[in-house]
Amino acid sequence: MSDTTPSAPSAGTTSSAGQLFGETIMSGQHGGLGGQFDVPGDKSISHRSFILGGMAIGTTRVTGILEGDDVLATGRAMQALGADIERLPDNSWQITGVGTNGLVSPDAPLDLGNSGTGVRLLMGVVAGQPITATFCGDESLSKRPMARVTDPLEQMGAKVTSREGGRLPVTITGAETPLAADHTSKVASAQIKSAVLLAALNARGTSIIREPHASRDHTESMLRHFGASVRQAVQEDDTHHIELDGEVVLKAADIIVPRDPSSAAFPMVAALLTEGSDLHIPGIGMNPLRTGLITTLIEMGGDITISNERIEGGEAVADLHVRHSQLTGIDVPPERAASMIDEYPILAIAATQAHGETRMTGVAELRVKETDRIAVVADGIAACGGTVRYDEDSMTVTGAPVAGGVTIASQHDHRIAMSFLTLGMVSQNPITVTGCGTINTSFPRFAELMNGCGANLTAGTGA
Ligand code: S3P
């Protein structure tokens, strides 16, 4: 593999002062965040750029792709499946695809590292054509449920073997001619929906997928951008129905990746919580199925101004201006969960600094993310001296000063690491987070960018 292919960046980040941030980072109070924070590209759209580019006929040029470990793992997997992927000198990426039915069986297992999105979407890709691939991943990914994806793929004709309980490693042999899907998902999950849609590209006839609420619809809109016929509608009972006409020829189409609203969540909350902050965060993706946290923080009294709303490369984007604010706890409605599913850990951190209680319900899906995020967030906040009550699908945080002065383990979960580094900015004593290399999965240079805007993150010692 040459250095123009999706090789993994080295773990850790380097600050402007040249200091290396390794696995352990300590976060302390600072005088507020200011200036402009340039968040990296959207992770969901970046994964899908490599996948759809590799399944299209022709050459797709992608600018603004997130060069995080998760996305690069998807890029390497698509190369192993036969796509031609190259990083160009201007930092854009060029993907020459082989069509929806032209991929090949890889020689070795596809290792998707920490990435649930990568592994689940690629399972759909392989299930839809007569090739065989084995999927594996890191310790965290190997604990996560895969049957929710492989069950509907088996119904479409794929042959699947997996470890006990539907866990990785999973081997899939795709169907010669997949059956059109007629799938009703129990959970609002873009990963399940996308896997089925990708397998359905080669099916005869129209596939239909129903989910209990609309989850992020990047696959639907990007498939349309590549020439597929996809229809979607939210029904009166709030269920979301998607239809795709099969036997599609995808045509290469250039992509501009917006900046990731889920990554923007960290500087946004850090600025709201820290006195003296006045921060600009430009070019953030504003797909309405991703903006639940912004809505919630504004309801809590957050001073967030959204301006310059525009369409860039077919995606809604806007500039955010965030100032320090006193937040007040609210009830976050369960129907909002899908639009902010990755943002609950950082919302829980924000809630520790709010007046009163913040109640989050309908969040059982958090239990099957990179970690059991309800338990890990609640235990971590409690260890820092905060107060959280939780049960199977809810979490209630009571705002109060937080002592800090402890060490939190990321447990291979990037959003846990970044959330507790954010809490360390307002706790009475610094918070140390171990296992920070995982931040590279979604937010390379997080510590460097934070410090560039005034944060006080220092390389720590220890595990
Ligand atoms: C993603 C979907 C979400 C989200 C993940 C990215 C995607 O998972 O948590 O970080 O890109 O499709 P679910 O759809 O399973 O909730």
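Angles under 35 degrees between helix axes count as roughly parallel. Keep that cut-off in mind as we walk through this model, which is a predicted one.

Let's start with helix α9, which spans residues 344-352, and helix α10, which covers residues 373-383. Their axes come within 10 Å and cross at roughly 30°, and α9 and α10 are therefore roughly parallel to each other. If you look at the sense of the crossing, you will find that it is right-handed. On the α9 side, the contact is made by Pro345, Ala348, Ile349 and Thr352, while α10 brings Arg373, Val377 and Ile381. Sorted by class, this contact of α9 with α10 holds five nonpolar residues, one polar and one charged.

Helix α9 has another partner to visit. It packs against α7 at an angle of about 0°, with the two axes 10 Å apart, and that angle makes α7 roughly parallel to α9. Here Ala265, Phe266, Val269 and Leu273 of α7 meet Ile346, Ile349 and Ala350 of α9. Ile349 is thus part of the α9 contact with α7 and also part of the one with α10. The class make-up of the contact of α7 with α9 is easy to remember: seven nonpolar residues, no polar and no charged ones.

From here we can step into the nonpolar interior. The largest nonpolar core has 74 residues, and the members that touch the most others are Ile281, Leu297, Tyr344, Met450 and Leu457. Helix α7, residues 261-273, supplies the largest share of this core, with nine residues. A second, separate core has 63 residues, including Leu122, Leu168, Ile242 and Val257. Back in the largest core, Tyr344 deserves a closer look. Setting aside neighbours within four places in sequence, Tyr344 is in contact with Val332, Arg336, Ala337, Met360, Val363 and Leu366.

Val257, named above as a member of the second core, leads us to a loop residue, Ile65. Ile65 sits in the loop between β5 (57-63) and α2 (69-80). Its relative accessibility is 9%, so Ile65 counts as buried. Beyond neighbours within four places in sequence, the contacts of Ile65 are Ser46, Ser49, Phe50, Trp93 and Val257. You can also select Ile65 together with Pro40: they are 25 residues apart along the chain, and their C-alpha atoms are separated by 7.9 Å.

Another loop residue to select is Ser115, placed between β8 (110-111) and α3 (116-127). With a relative accessibility of 1%, Ser115 counts as buried, because the cut-off for that label is under 20%. Leaving out neighbours within four places in sequence, Ser115 is in contact with His47, Asp70 and Leu141.

Our last stop is one more helix pair, α5 (residues 190-200) and α6 (residues 218-225). These helices pack at an angle of about 30°, with their axes 9 Å apart, which makes α5 roughly parallel to α6. Lys193, Ser194 and Leu197 of α5 form the contact with Thr219, Glu220 and Leu223 of α6. By class, the residues of this contact divide into two nonpolar, two polar and two charged. For the contact of α7 with α9, by comparison, the classes were seven nonpolar, no polar and no charged residues.

Technical notes:
Residues numbered from 1 in each chain as written. Predicted model: local features only at pLDDT ≥ 70, side-chain atom pairs only at ≥ 80, totals over all residues. Heavy atoms only, no water. Axes fitted to C-alpha atoms, helices over the stretch in contact; angles between N-to-C directions. Helix = DSSP H or I, 4+ residues; strand = E, 2+ residues; numbered from the N terminus. Parallel < 35°, antiparallel > 145°, perpendicular 65-115°, else oblique. Left-handed = near helix turned anticlockwise from the far one by under 90°. Contact = heavy atoms within 4.5 Å. Nonpolar A, V, L, I, M, F, W, Y, C, P; charged D, E, K, R; others polar. Core = buried A, V, L, I, M, F, W, Y, C linked by side-chain atoms within 4.5 Å. Buried < 20%, exposed > 50% of the residue type's maximum accessible area, 1.4 Å probe, protein only.
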